[in-house]
Amino acid sequence: MRYLLVFIWLFPFNSFAQKSETPLGDVYHIDSLPTSGILLDKGWKWHAGDNPDFAKADFDDSKWESIDPTKDIMDLPQVRKAGIGWLRLNLHVDSTLLQQQAITLLVSQVAASALYCNGQLILRLGTVSPNADEVDAVYTTYHSFGLPGVGKSNYVLAVRIAFQPHLPYTKFGAGPNSLYRVYVVADSLLDPFSPPVLGSAKYLTYTFVKAGLFFILALLHLCFFIFYPSQKANLFFAISSLLFFVHWLGLGLKITWLLSDLDTLMYVGQLRAVLFPVNYICLVTALYTAYALPKSFYYWAGVGVCGLLIVIYFFNYQSGVVWIEIGSTIVMTAEAIRITVMAVVRKHRGANIILIGLVFSFVCLSMRYLTQFTSLLPYFRINGYGTTFDIFGVLPLPLFLSVYLASEFAFASKSLAAQLVAVKQLSARTLAQEQEKQQILSTQNETLEKQVTERTAELKASQNQLIQKEKLASLGELTAGIAHEIQNPLNFVNNFSELSVELIGELKSPLTPDGGIREGEKVDMELLADVVQNLEKINLHGKRASSIVKGMLEHSRQSTGEQALTDINQLADEYLRLAYQGLRSKNQDFNCDLITDFDPNPSNIEVVPQDIGRVLLNLLNNAFYAVNERVKKGEPNYQPKVTVATKVADNQLQIQVKDNGTGISETIKAKIFQPFFTTKPTGEGTGLGLSLAYDIVTKGHGGTIEVESMEGQGTTFTMRLPKL
């Protein structure tokens, strides 16, 4: 098979061909052959149906319907309705012409066909079948074959042809989807190394050049966007260029016959048509983004028009492609010109570059449409300048926009480079300043370290003073308790001693100065017994007072840190009463129920009694303070209660101090053991009592201390000390 190199405006010329009548019908005569070839568009006969006899050379087709098979498939309803039928053409080639040069026929179609010449099958394209579901149409531009037989001049061309229904037929530009086209060309014009193309090789070259150019632009600006994401105009332009690439690639696949499957080709055609307005929408969006403009009413109106053109395309087979390509180009180019003029007026950097491209594009597109669709500019139409105008009408806007975006990218790069230099200079200056600051800070740090050392010493002294104050406060509470506790036995001693003096005076009344008994008198033995009993009570309460003083002195003595066996029940009971009496010494009206719940067999435990006593005293003072505060609120039927309980369990001694006072909130509970934290008014607490108690129990005795409380209902402190 040999292929066509170049075809430029292939039209039939009647000066080289003519028709005559024969018994078989019209005969198409070819007396000479121009270099452009002859299109066989006349003399054809059509008949619906399928009959093998229709292929015979002597079959009478004079009564068949005349037809021009080069028309668009949609303009031949009889073919689409029949599904399958036959085309016949009687062809006469002058014998002198045949002697001078070999003749080749070129066939193109959008159907399935089988071509017979003088009854002989010479070419089959696709699958022809009377069953519509089995028909497989193919697209060709152009399939070449030589006329069979040497020395013959009369030929009968019979074509068995089938239409494939349910295909999305669409046009590629303004050209028709011809049912069947046959060109007659001289064999000397064919180059065996050329691809089969329709139209000029120059047009094919332009198509692939445009496709390749847009592909390069898409990759280039996609890279720009990846490296500089903030300039989103590059992304929209890359998408637009990629869609333009697909558009022109689809056309290139059609005219090179690389895509012969008719189904796929028609879908590619529809994709090209729909993507064309999307291309321009993305292009104008890139301009809006480059100019940093909000989407205007005119932008959305243009998008709406493009959407309407897409709808028109799907409902208008004949001119839908022309509408969608020309309409979207005009509308979106006009919007691009409008916003670019605005950008130029606002002196937007580089906008004049795009305006030049838009004006050049507008002029070339106008020339293109005037050349193709009007009778104006015949010189350009006859000399084939339409393709040139098309190229220079489509390319300038993308190219000039690409130049603009590239210049913006370069400007941004230069700006970043300048900023980088400035940053380096600033960094050097900052480094020098930082070194100077470091020197100053080093000097200041030495001074501050000295000051911190001095302040730390002062703080430690203050802290020691506060701790001493807390201990003195505890000692004061203890002293007050001791004073009130010892008051009772002292009162008894005083009272019984005074009574004994009176009794002794009465006993001495019957006695004489020399110690004898007066006559008639006697010693009252009952009074003597009372004196003895009083003296015993004086002795008892004196010992009680001595015991209290001795015990309290022992407890209030400075702690040695040495542990000793201690009766916890006795220790807790003594401090309960001492703490109570201490509060009553300040407030005689205060009364509280004291409740003890001691384990009957706690056994002695090794502790530092002075330290545990200090913990108990602090917890009890807090308990009495809490119930007293609740008493001050004047709640009806409220009776203050403080309970001390001991319990041995799991080889641990548990000591609980419980009150029904004001309670502690959750917020305060988390801070209650922190040093210097107190809820008491200023002057009534240092905030060290519970902190010291916590350290004594946990660090000094390896135990634990916990608090449970409900605000407004009371608090329970629980100490757990290990029994070794």
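**Exercise 1. Find the partner of Asp53 and describe how far each of the two side chains is exposed.**

Solution. Start with the criterion: a salt bridge needs a side-chain nitrogen of Lys or Arg within 4 Å of a carboxyl oxygen of Asp or Glu. Asp53 meets this with Lys56, where the closest N and O atoms are 3.2 Å apart. Next, sort by relative accessible area: under 20% is buried, over 50% is exposed, and partly exposed lies in between (1.4 Å probe, protein chains only). Asp53 has 33% and is therefore partly exposed. Lys56, with 44%, is partly exposed too.

Before going on, a note on the model: it is predicted, so local features need pLDDT of at least 70 and side-chain atom pairs count only at pLDDT 80 or more, while totals for chains, interfaces and linings use all residues. Residues are numbered from 1 along each chain as its sequence is written, and side-chain values use heavy atoms, with hydrogens and water left out.

**Exercise 2. Work out which parts of the chain the salt bridge of Arg88 and Asp61 links.**

Solution. First check the distance: N to O is 2.9 Å for Arg88 and Asp61. Then place both residues, using helices (H or I, at least four residues) and strands (E, at least two) as DSSP runs numbered from the N terminus. Arg88 belongs to strand S6 (residues 84-93), and Asp61 to the loop between strand S4 (44-48) and strand S5 (65-67), so distant parts of the chain, 27 residues apart, are linked. Finally, look at accessibility: Arg88 is buried at 1%, and Asp61 is buried at 1%.

**Exercise 3. Explain why Arg577 and Asp573 are separated by about one helical turn.**

Solution. Begin with the geometry of the helix. An α-helix has 3.6 residues a turn, so residues three or four places apart point the same way. Arg577 and Asp573 are four residues apart in helix H13 (residues 568-586), which means a separation of about one turn. Their salt bridge has its closest N and O atoms 3.3 Å apart. Arg577 is partly exposed at 36%, and Asp573 is partly exposed at 22%. A search of the whole structure finds 12 salt bridges.

**Exercise 4. Test the length of helix H6 and find where its buried residues lie.**

Solution. The expected span is 1.5 Å times one less than the number of residues. For the 19 residues of H6 (residues 297-315) this gives 27 Å, and the end C-alpha atoms are 27 Å apart, which agrees. Now list the buried residues of H6: Tyr299, Gly302, Cys306, Leu309, Ile310 and Tyr313. Down the axis of H6 they fall within an arc of 105 degrees (taken from the directions from the helix axis to the C-beta atoms), so they line one face of the helix. Their cover includes helix H5 (262-291) and helix H7 (320-345). On the other side of H6, Phe297, Trp300, Leu308 and Phe315 are exposed.

**Exercise 5. Classify the ring pair of Tyr299 and Trp300.**

Solution. Rings of Phe, Tyr and Trp (its six-membered ring) pair if their centres lie within 6.5 Å; planes under 30 degrees apart are stacked, over 60 edge-to-face and the rest tilted. The whole structure holds 15 aromatic pairs. For Tyr299 and Trp300 the centres are 4.9 Å apart and the planes at 85 degrees, so the pair is edge-to-face. Tyr299 is buried at 5%, whereas Trp300 is exposed at 51%.

Key:
Contact = heavy atoms within 4.5 Å.
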